[in-house]
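Colleague: I am new to this structure, and I would like to understand the reasoning behind the terms used for it. Could you take me through them step by step?

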Amino acid sequence: MLIIGIAGGTGSGKTTVVRKIIESLPKDEVAVIPQDCYYKDNAHIPLEERLKMNYDEPASIEWTLLVKHLKELKNGNAIEMPTYDFITCSRQRETVHIEPRDVVVVEGILVLTDKELRDMMDVKVFVDADADERLIRVIHRDCIERGRTPQMVIDRYEETLKPMHELYIEPSKRYADLIVPQGGHNNVAIKLLTDYIRSLLKPRNEL
């Protein structure tokens with residue numbers, strides 16, 4: 001099993017890169033583990049307080065569960081991946097059944113900040129994009145998918161997203177084996193990445 005870590009700022013194009021990796025490999029060969037599914041369960045905290053919490057720092061993620069699940073997959077066991085509701089800012093009762101695959105992609109803004117998780121990765125990728133481009137994508141996504149107004153998104157960007165990006169996400173770029181500039185639009189870098197993944201898989205599949 002190959003474990004691929006894909007990090008980058010909010011709105012950088014990580015999802016596009018992941019989709020293109022999936023499309024380039026045989027069907028059902030890739031499992032995707034989003035970091036966002038592993039936010040700590042804060043259901044015991046009042047909603048008004050949950051909405052004000054910082055979800056862009058490493059302390060917001062239940063890394064021990066994520067690492068445990070990756071180890072389970074690597075040992076050939078299926079997992080029940082948690083799910084998270086961004087409107088209520090709490091973990092949902094439903095889980096997603098994930099079977100072991102030849103390639104497991106761990107995707108999220110902070111996945112290169114945790115050393116234990118990082119050490120499990122065979123390939124570490126950082127998807128880079130200009131700050132203004134990322135902000136436009138975040139406004140579009142949060143207004144449509146998470147019920148926020150443009151002003152709410154801009155306020156959150158200035159108060160939390162930007163400082164957390166500079167403090168945690170941008171510095172994690174130094175751990176990457178490959179940096180993909182221009183986000184999901186960089187077809188050359190994405191092709192190099194997918195070709196490399198296939199080259200790593202080939203000798204393993206021949207065993």
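**Two helices and a pocket**

Modeller: In this predicted model, helices H5 and H6 are oblique to each other.

Colleague: Why are H5 and H6 called oblique to each other?

Modeller: The two helices pack at an angle of about 130°, with their axes 10 Å apart. Angles of 65 to 115 degrees count as roughly perpendicular and those over 145 as roughly antiparallel, so H5 and H6 fall under the remaining term, oblique. As for the sense of the crossing, H5 passes H6 in a right-handed one.

Colleague: What makes the contact between H5 and H6?

Modeller: On the side of H5, the residues are Ala131, Arg134, Leu135, Val138, Ile139, Asp142 and Cys143, while H6 brings Pro150, Val153, Ile154, Arg156, Tyr157, Leu161 and His165. By kind, the residues of this contact comprise 10 nonpolar, one polar and three charged.

Colleague: What makes up the lining of the largest pocket?

Modeller: That pocket has a volume of about 1100 Å³, and of the 42 residues lining it, Thr10, Asp36, Arg141, Arg146 and Arg156 are the closest to its centre. The elements that each give two or more residues to the lining are helix H1 (14-24), strand E2 (30-34), helix H5 (131-145) and helix H6 (150-169), and the largest share, seven residues, comes from H6.

Colleague: How do the residues of that lining divide into nonpolar, polar and charged?

Modeller: The lining holds 17 nonpolar, 13 polar and 12 charged residues. Arg156, one of the residues closest to the centre of the pocket, also belongs to the contact of H6 with H5, and Arg counts as charged.

Note on methods. Residues numbered from 1 in each chain as written. Predicted model: local features only at pLDDT ≥ 70, side-chain atom pairs only at ≥ 80, totals over all residues. Heavy atoms only, no water. 1 Å grid on protein atoms, 1.4 Å probe; cavity = no way out; pocket = protein on both sides within 12 Å on 5 of 7 lines; lining within 4 Å. Points joined across faces, edges and corners; volume = space filled by probe spheres on them. Helix = DSSP H or I, 4+ residues; strand = E, 2+ residues; numbered from the N terminus. Axes fitted to C-alpha atoms, helices over the stretch in contact; angles between N-to-C directions. Parallel < 35°, antiparallel > 145°, perpendicular 65-115°, else oblique. Left-handed = near helix turned anticlockwise from the far one by under 90°. Contact = heavy atoms within 4.5 Å.
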